[in-house]
Structures are given as structure tokens and as C-alpha cells.
Amino acid sequence: MNPSYERRLSKTLPQIHDRIAEATDASGREFESVRLIAVTKAHPVDAVSAALAAGLTDLGENRVEELEEKVREFGRDFATWHMIGHLQSRKARRASQLAHLIQSVDSVKLANRISKFAQEEGITVRILTQVNTSGEHSKSGLDMASAVDDILCVAEFPGIRVEGLMTMAPFGADDKKLISTFRVLRKIHEKLRTQGDVVGPELSMGMTNDFEIAIREGSTMVRVGTALFGART
Ligand SMILES: *Cc1c(COP(=O)(O)O)cnc(C)c1O
């Protein structure tokens, strides 16, 4: 194992835990109500080894090829693997085989592909639906105006379980914009949850620069890379 990742995590992980604890305290929530997804994308397998050794078992990758490489190295069930990056339909099958949770289902078409595969295999694939709540054209995700209808449609697809919703905030946005980006996702989620258990309780929002705000807005999963492992090259 590369000792530098271990050394780094021994400093950064307690800091992240403290920041999560402060944010949950401030919003009257339990520390355990937020899951830390360690985003190992663009870091070598040594980062994964160090994360596992530090007790981090939820790992995030944004490319199927890299996910595959790391799953091959460590075994699928050695961690809970989260696919968090935009996924082309033709890679839906592979992603469904590798990831335990596909967080980045950003179109009905992609959900349909995953459903087809799940039915062939006789399995249930757990997903989050990604919504573009910032309105930025560069961000993928379901359109916020039609998100409720789209997600209700996706939730009916056989072989898929929608565990909740995911969003990404604009990079470098001010607090006001961040709050509104996360709040829109929560409102869409609340609307869906009034329909019963059609979607699960998860809200995946918050990254290195904005996870405290996301927690105050109800996040149940924060996806943190840079603050844990350093800058990506
Ligand atoms: C890269 C990435 C993250 C982690 O970002 P950091 O700013 O490094 O914490 C989180 N979510 C998604 C979807 C990402 O692509």
C-alpha cells in the first residue's frame, strides 16, 4: 500500500467526520443519518486500499472502466460501490453488474436500459435518479420541471428500485445558490414520498466544497473526494 494515502487519510478523515458531526448537530440530526461516500475516482488502487483500511466501505467512481478495474482488484463485495458519473446506455449492463448503487441515472431511457438488463438477469438494480436542480446546461440529470413525472415512471420499471435522488451543485456557487439547488431536490423528493414508498429515502447531495450545506438541507449521502484524497491529477 502507498503509505502517503494512509497518512493523508489519517488526517483528513477525522476532519471530515468532525465537519459532518457539526453539520448534523446544527440541524438536529444524528451523525449516523449521513453516509460518507469516499470518491476514489482518478486515484490509484492505493487510495482504495487506504480507504478500506480506514474503515471507509462506500466508494464512488465516475467511469465504468475505472470502476471495473478497481472491482477486479478488490472484489465486488469488499466494498459498496457507487457509480456516480454520467453513464452511457451502452454501458448500463456493465455498470449494473459492478455497482451496488447507480446514483447517476439521468434519463428515462437509461433507466429503461437498466430495467431490461435487470429483467434478463432476474435481479433488482438499485439506483438513484439524478435531477438537474441547478438549471446549468452542462449538468446532466432529469429536467426539474418534469422530474416528478419521470421518476414516477422510472419507479414502475420492473427490476429497478429507486432508492432516492441525487444532484450536483454548480462548482463555485455562492451559499444562496447551493441552498436552492439542494432544496429543490428535497422538495421533489418530498413530493414523491407523499405517494408512498415509490422511491426510497436517500438524498445524495454534497461534495467537498458544499457538503455541510447539503446536510443542513437533508442530505443522507455526501460524496467526498478532494477533501479526503487530495486533488485529482
Ligand atoms: C468527483 C465527484 C464528486 C467528488 O467531488 P469532490 O469535490 O472531489 O469532493 C462527487 N460527486 C460526483 C458526481 C463527482 O463526479
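**Exercises on helix packing and pockets**

Helix α6 (residues 147-155) and helix α7 (residues 175-193) pack with their axes 10 Å apart, at an angle of about 50 degrees. The model is predicted: local features need pLDDT of at least 70, side-chain atom pairs count only at pLDDT 80 or more, and totals for chains, interfaces and linings use all residues. Residues are numbered from 1 along each chain as its sequence is written, and side-chain values use heavy atoms, with hydrogens and water left out.

**Exercise 1.** Classify the packing of α6 against α7 and describe the contact.

*Solution.* Axes are lines fitted to C-alpha atoms, for helices over the stretch in contact, with angles running from 0 to 180 degrees between N-to-C directions. The angle of about 50 degrees therefore makes α6 oblique to α7 (under 35 degrees is roughly parallel, over 145 roughly antiparallel, 65 to 115 roughly perpendicular, and the rest oblique). The crossing of these two helices is right-handed. On the α6 side, Ala147, Val148, Ile151 and Leu152 meet Ile188, Lys191 and Leu192 of α7 (contact means heavy atoms within 4.5 Å). By class, this contact has six nonpolar, no polar and one charged residues.

**Exercise 2.** Repeat the analysis for helix α2 (residues 45-53) and helix α3 (residues 64-74).

*Solution.* The α2 and α3 axes come within 10 Å and cross at roughly 55 degrees. That angle makes α2 oblique to α3. In passing α3, α2 makes a right-handed crossing. From α2 the contact takes Val45, Val48, Ser49 and Leu52, and from α3 it takes Lys70, Glu73 and Phe74. These residues divide into four nonpolar, one polar and two charged.

**Exercise 3.** State the volume and the lining of the largest and the second largest pocket.

*Solution.* A pocket is found on a 1 Å grid over the protein atoms alone, as an open set of points where a 1.4 Å probe fits, with protein on both sides within 12 Å along at least five of seven lines; lining residues have an atom within 4 Å of a point. The largest pocket holds about 440 Å³ of space. Its lining has 26 residues, of which Lys41, Met168, Met207, Arg223 and Arg232 lie nearest the centre. The lining divides into 11 nonpolar, 10 polar and five charged residues.

The second largest pocket holds about 180 Å³. Among its lining residues are Leu13, His17, Phe31 and Asp58. Helix α1 (residues 3-26) gives the most to this lining, with three residues.

How values were computed:
Grid points are joined across faces, edges and corners, and a volume is the space filled by probe spheres set on the points. Ala, Val, Leu, Ile, Met, Phe, Trp, Tyr, Cys and Pro count as nonpolar, Asp, Glu, Lys and Arg as charged, and the others, Gly among them, as polar. Helices (H or I, at least four residues) and strands (E, at least two) are DSSP runs, numbered from the N terminus. A crossing is left-handed if the near helix is turned anticlockwise from the far one by less than a right angle, and right-handed if clockwise.
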